[in-house]
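Okay, everybody, thanks for coming. Let me put the structure up and walk you through it.

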Amino acid sequence: MRPIIIRDSKVPVMLSLFVDIAAITLFPFIFIRTGQDSDRIIRHETIHFYQYVETAVVGFLLLYLTDWLRGLLRYRNPDKAYMRIRFEQEAYDHETEEGYPENRQAYAWRAYRV
Ligand SMILES: [Zn+2]
């Protein structure tokens, strides 16, 4: 199973209300803003794609939100809370690693802590 990549998309622009979003994965699509297409971005978002698969989509959304809220309570800082989301930790740690999304251990994000 592979993501459907939509380049030059307006979706990240429309969702950039509070922070600038370069790309976003909304299963099964990866939407990439004009000028943001890179191997690193695609790898990062493809890791999220597989995390969606592992959590039956709805689990990704619920865990993403609860991790962020837990981080917000703990750190009182929205940016720090975002970086502590387990799905983001895995994606940022491995976004420069060629072949990682396809070869990663399933549920690798479980090794991380908020
Ligand atoms: Zn991400």
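So, the sheet. This is a predicted model, and in it you'll find an open sheet of 3 strands, in the order β1-β3-β2, with mixed pairing. Which strands stand at the edges? Those are β1, residues 4-6, and β2, residues 23-26. Each has a single partner strand, so one side of each is left without a neighbour in the sheet. Neighbouring strands here are turned by 20° against each other on average, ignoring direction.

Now, how do the pairs run? Take β1 and β3 to begin with. β3 is residues 29-32, and 3 bridges join it to β1, with the two running parallel. On the other side, β2 and β3 are joined by 4 bridges, and that pair runs antiparallel. If you want one residue to keep your eye on, try F31 in β3. Opposite F31 stands I6, and F31 is also the bridge partner of I24.

Let's stay with β2 for a moment and look at its side chains. They alternate along the strand. A23 and T25 point to one face and are buried, whereas I24 and L26 point to the other face and are not.

How does the chain get from β2 to β3? By a hairpin, through 2 residues. One of the residues in that loop is P28, and there's a detail worth zooming in on: the peptide bond from F27 to P28 is cis, with omega near 5°.

Okay, on to the helix that goes with this sheet. Helix α2, residues 39-54, lies across β1, β2 and β3, and it runs at about 20° to β2. Does its length fit or clash with what you'd expect for a helix? Count 16 residues at 1.5 Å a residue and α2 should span 22 Å; the end C-alpha atoms are 23 Å apart, so the two agree.

Which residues of α2 are buried? It's quite a list: I42, then H44 through to Y52, that is H44, E45, T46, I47, H48, F49, Y50, Q51 and Y52. And what do the buried residues of α2 pack against? The strands β1, β2 and β3, plus the helices α3, α5 and α6. For orientation, α5 covers 86-94 and α6 covers 100-103.

Let me pick out α5 from that set. The axes of α2 and α5 come within 9 Å and cross at roughly 140°. That makes α2 oblique to α5. If you like handedness, α2 passes α5 in a right-handed crossing. The contact is made by H44, I47, H48 and Q51 on the α2 side, and by F87, E90, A91 and H94 on the α5 side. Look back at the buried list and you'll spot H44, I47, H48 and Q51 there too.

Next, the backbone after α2. The helix is followed by A56, which sits in the loop between α2 and α3. A56 isn't a glycine, and still its phi is positive, about 55°. Is A56 buried or exposed? Exposed, because it has 9 other C-beta atoms within 10 Å, and the cut-off for exposed is 12 or fewer.

There's another one further along. R76 lies in the loop between α3 and α4, where α4 is 78-83. R76 has a positive phi near 55°, and it's a residue other than glycine. R76 is exposed as well, with 9 other C-beta atoms within 10 Å.

While we're in that region, R74 is in helix α3, residues 58-75. R74 counts as exposed because it has 12 C-beta neighbours inside 10 Å. And how far apart are R74 and V114 in space? They're 40 residues apart in sequence, and C-alpha to C-alpha the distance is 9.0 Å.

Last stop, M83, which is found in helix α4. M83 has 13 C-beta neighbours inside 10 Å, so this one counts as partly exposed. And to come back round to the sheet, take M83 and F31: they're 52 residues apart along the chain, and their C-alpha atoms are separated by 20 Å.

That's my tour. Happy to rotate the view if anybody wants another look.

Definitions and conventions
Residues numbered from 1 in each chain as written. Predicted model: local features only at pLDDT ≥ 70, side-chain atom pairs only at ≥ 80, totals over all residues. Buried ≥ 20, exposed ≤ 12 C-beta atoms within 10 Å, placed from the backbone. Pairing = 2+ DSSP bridges. Axes fitted to C-alpha atoms, helices over the stretch in contact; angles between N-to-C directions. Contact = placed C-beta atoms within 7 Å. Expected span 1.5 Å × (residues − 1). Parallel < 35°, antiparallel > 145°, perpendicular 65-115°, else oblique. Left-handed = near helix turned anticlockwise from the far one by under 90°.
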